[in-house]
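Hi,

Here is the structure I promised to pass on. Have a look at it first, and my notes come straight after.

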Amino acid sequence: MTNNRDKQISEARFHKLFDDTQAMSIQGYRVDGSVVYWNAASERIYGYSTSEALGRSLFDLIIPHEMRDEVKQAVAWMFDNEEGIPPARLNLKHKDGSTVPVYSSHTVVSLPNDEPIMFCMDADMRSLEMAEAEVQRLSYYDSLTGLPNRRLILERITSAMRNTSSDTSAAALLIVDIEKFHSINDSLGYSVGDRVLVSCAESLQQFSSSPDDLARLGKDEFALVLPCSTSSLDAVAAEAELMATQILQKLKAPLILDGRSHQLNACIGITLFHCPGTLPGEELLRQADIALKMAKRSNTTDISFFDSQMESSVKKRLEISQALNHAVDNDELALALQPQVDQNQNITGFEALLRWHHPKFKTLSPNDFIPIAEANDSIIALGDWVLEKSSESFNISVNVSPVQFRRGDFVQRVKNILKTTGANPKCLCLELTESLIADDIDFIVEQMASLRELGVSISLDDFGTGYASLAYLTRLPLDELKVDRAFVRDLDGHSKGALLTETIISLGRSMNLTVIAEGVETEQQFKRLQNMGCEHFQGYFFGKPSTDIEHYLPSKSL
Ligand code: C2E
Ligand code: CA
Ligand code: CA
């Protein structure tokens with residue numbers, strides 16, 4: 001009797017424990033999967049009330065469709081063997097369809113003269129998972145700016161290096177360091193310092209293509225990955241340099257906090273890498289950091305590249321790029337004039353060719369520095385300078401970079417320069433290249449037409465080397481075709497070049513354009529071109545470019 005009573009008490013005790021336990025969903029099932037027991041925690045975790053659950057099938061209630069077969073087998077196994085399977089983390093299903101992550105243990109209780117029952121005990125993992133996610137977030141993100149931290153950016157670099165496409169490509173890692181940040185902290189306090197950093201982070205975010213590409217490395221240091229693109233190291237270097245320049249510009253803009261303006265300065269270290277690649281992310285950070293130190297040390301540049309092979313050439317390019325910004329102010333520019341002649345070798349005008357004398361780089365060819373000037377936009381100042389200078393002389397052809405032309409303000413600039421110099425627009429010819437025509441043709445045509453309305457004429461330079469189709473050529477409001485030097489050089493042999501040259505010349509004439517051949521070096525070339533109908537010439541045979549204007553112009557009145 002006592003025995004029986006003890007059993008009853010024990011049973012009641014366990015019942016209450018099962019019913020009341022908060023964190024554990026406890027369910028009992030028959031061999032066919034129908035519910036015989038469903039505690040209060042199950043109601044909360046799975047959303048079904050006890051009365052809704054009783055009698056219904058386990059598989060209809062909480063087992064996601066794709067797990068059904070597997071669970072059926074496991075359940076059958078448990079009943080057959082009268083024991084549970086090892087506990088496991090499972091994603092089960094809530095009444096509302098959402099996923100319920102649980103840690104699930106099972107057992108089969110089989111008493112004599114009673115049907116066996118399988119009990120499942122599921123611990124709700126949702127809050128645990130949320131806590132885990134938060135821990136994850138804290139360990140990968142910077143709490144002040146919300147940006148990824150060093151750890152995450154290292155993973156990002158590693159995955160960038162794994163490069164999914166089969167092509168090899170290149171990428172860059174930039175480290176941006178805010179200069180003299182500690183003095184802001186010291187003089188204005190940490191809360192202002194923090195806001196400055198948050199604002200820097202926001203500015204930098206505009207340059208990252210994905211949120212994971214920008215990280216805060218430490219106090220006032222940020223890292224930015226310029227993702228892999230299918231291009232060469234050279235191209236990525238140029239892209240990274242441009243981005244670095246823009247970042248510096250952006251950071252230099254006055255920052256207003258509490259009505260006070262702050263002026264920030266920054267330095268940037270850059271390293272390039274191949275993808276796929278094998279260098280550890282740590283090594284790349286180290287390289288970018290060395291480059292950063294170089295930039296900090298330098299008093300001529302705020303941007304520095306690391307690369308054992310490229311270092312010197314990239315460095316030189318960067319130095320040239322910076323020096324070009326001061327070329328006009330430092331009076332380092334000169335114009336060389338090369339005569340253009342008619343069939344009687346009488347001078348009809350000149351081409352203005354830019355010369356740059358820098359104390360360190362001596363005399364760099366425009367072929368070397370013009371592309372750099374185009375990349376850093378100093379071509380605008382250089383181009384204006386050439387136009388102004390040229391306006392002082394008689395019948396001048398001036399080279400115009402596509403970069404100058406594309407900005408949209410070129411017509412206005414020419415207009416202003418003509419106005420301030422008082423030059424006769426009829427004496428100015430602008431040489432454009434075929435590469436320009438790859439752009440929006442309507443825009444180009446419109447700009448050209450406006451230029452001609454000002455009275456200046458337009459020549460298509462290096463004609464024949466580019467890709468301008470004839471269809472486009474007829475649409476361009478042109479005055480002159482300049483046959484490229486390459487065709488003139490070809491005239492000496494017996495190649496097909498001669499035929500092509502002749503075709504170009506007659507094409508130009510048929511379109512009523514002045515045709516001028518450049519690069520004429522010999523009398524033979526001169527004669528053959530004349531026979532082909534060419535009437536204007538330029539080249540060493542008639543005169544080399546000279547900075548000594550008097551050389552060709554005894555008096556400016558010519
Ligand atoms: P380009 O417009 O085709 O200029 C002609 C180039 O050929 C000049 O080189 C000139 O010195 C050279 N040349 C002239 N006659 C002969 C010849 O008989 N034989 C040979 N072998 N070469 C001859 P330069 O001055 O070094 O200029 C190179 C290029 O730089 C120019 O090619 C032009 O594209 C660019 N450039 C020069 N000045 C300017 C400028 O003010 N603005 C812009 N945007 N580009 C310029
Ligand atoms: Ca030219
Ligand atoms: Ca040319």
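Below is what turned up, starting with the metal site and ending with a few backbone details. Please keep in mind that this is a predicted model.

**The calcium site**

Let me begin with the calcium ion (ligand 2). Which residues hold it? Its donors are E351 (OE), N399 (OD1), E431 (OE) and D461 (OD), at 2.1 to 2.3 Å. Along the chain, these donors are spaced as E-x47-N-x31-E-x29-D. D461 also bridges to a second metal, the calcium ion (ligand 3), and the two ions, ligand 2 and ligand 3, are 3.8 Å apart. The pair E431 and D461 brings together distant parts of the chain: E431 sits in strand β17 (residues 428-433) and D461 in strand β18 (residues 457-463), 30 residues apart. Both E431 and D461 are buried.

**Ligand 1**

Two of those calcium donors turn up again here. An oxygen atom of ligand 1 lies 3.0 Å from a side-chain N or O atom of N399, and an oxygen atom of ligand 1 is likewise 3.0 Å from a side-chain N or O atom of D461. On the backbone side, a nitrogen atom of ligand 1 is 3.1 Å from a polar backbone atom of L354. There are 22 residues around ligand 1, and Q338, R355, R485, E521 and Y540 come nearest.

**The two largest pockets**

The largest pocket has a volume of about 990 Å³. Its lining counts 35 residues, with E351, L353, P366, N367 and N399 nearest the centre; E351 and N399 are familiar from the calcium ion (ligand 2). Several elements supply at least two lining residues each, namely β14 (347-358), α13 (366-375), α14 (379-390), β16 (396-399), α15 (402-406), β17 and β18. By type, the lining of this largest pocket has 14 nonpolar, eleven polar and ten charged residues.

The second largest pocket comes to about 620 Å³. It is lined by 16 residues, and closest to its centre are E11, H15, V109, L111 and F119. Which element gives the most to this lining? That is α1, with seven residues. At least two lining residues each come from α1 (2-20), β2 (35-38) and β5 (117-124). The lining of the second largest pocket divides into eight nonpolar, four polar and four charged residues.

**Loops and backbone details**

A few loop residues deserve a look while you have the model open.

- S57 is in the loop between α3 (50-53) and α4 (58-61). S57 counts as buried because its relative accessible area is 18%, under the 20% cut-off. A polar atom of the S57 side chain lies 3.0 Å from the backbone nitrogen of F59.
- C275 and P276 are joined by a cis peptide bond, with omega about 0°. P276 is placed in the loop between β11 (266-275) and α11 (281-297).
- K180 is not a glycine, yet has a positive phi of about 50°. The loop that holds K180 runs between β6 (169-178) and α8 (181-188). Is K180 buried or exposed? With a relative accessible area of 61%, K180 is exposed.
- D331, also a residue other than glycine, has a positive phi near 60°. D331 lies in the loop between α12 (311-324) and β13 (333-341), and at 63% relative accessibility D331 counts as exposed.

Happy to talk any of this through whenever suits you.

Best wishes

Notes:
Residues numbered from 1 in each chain as written. Chains lettered and ligands numbered in written order. Predicted model: local features only at pLDDT ≥ 70, side-chain atom pairs only at ≥ 80, totals over all residues. Heavy atoms only, no water. Donors = N, O, S within 2.8 Å, 3.2 Å for Na, K, Ca; no water. Helix = DSSP H or I, 4+ residues; strand = E, 2+ residues; numbered from the N terminus. Buried < 20%, exposed > 50% of the residue type's maximum accessible area, 1.4 Å probe, protein only. 1 Å grid on protein atoms, 1.4 Å probe; cavity = no way out; pocket = protein on both sides within 12 Å on 5 of 7 lines; lining within 4 Å. Points joined across faces, edges and corners; volume = space filled by probe spheres on them. Nonpolar A, V, L, I, M, F, W, Y, C, P; charged D, E, K, R; others polar. Near = heavy atom within 4 Å. Polar contact = N/O pair within 3.5 Å; in protein donor to acceptor, adjacent residues only side chain to side chain.
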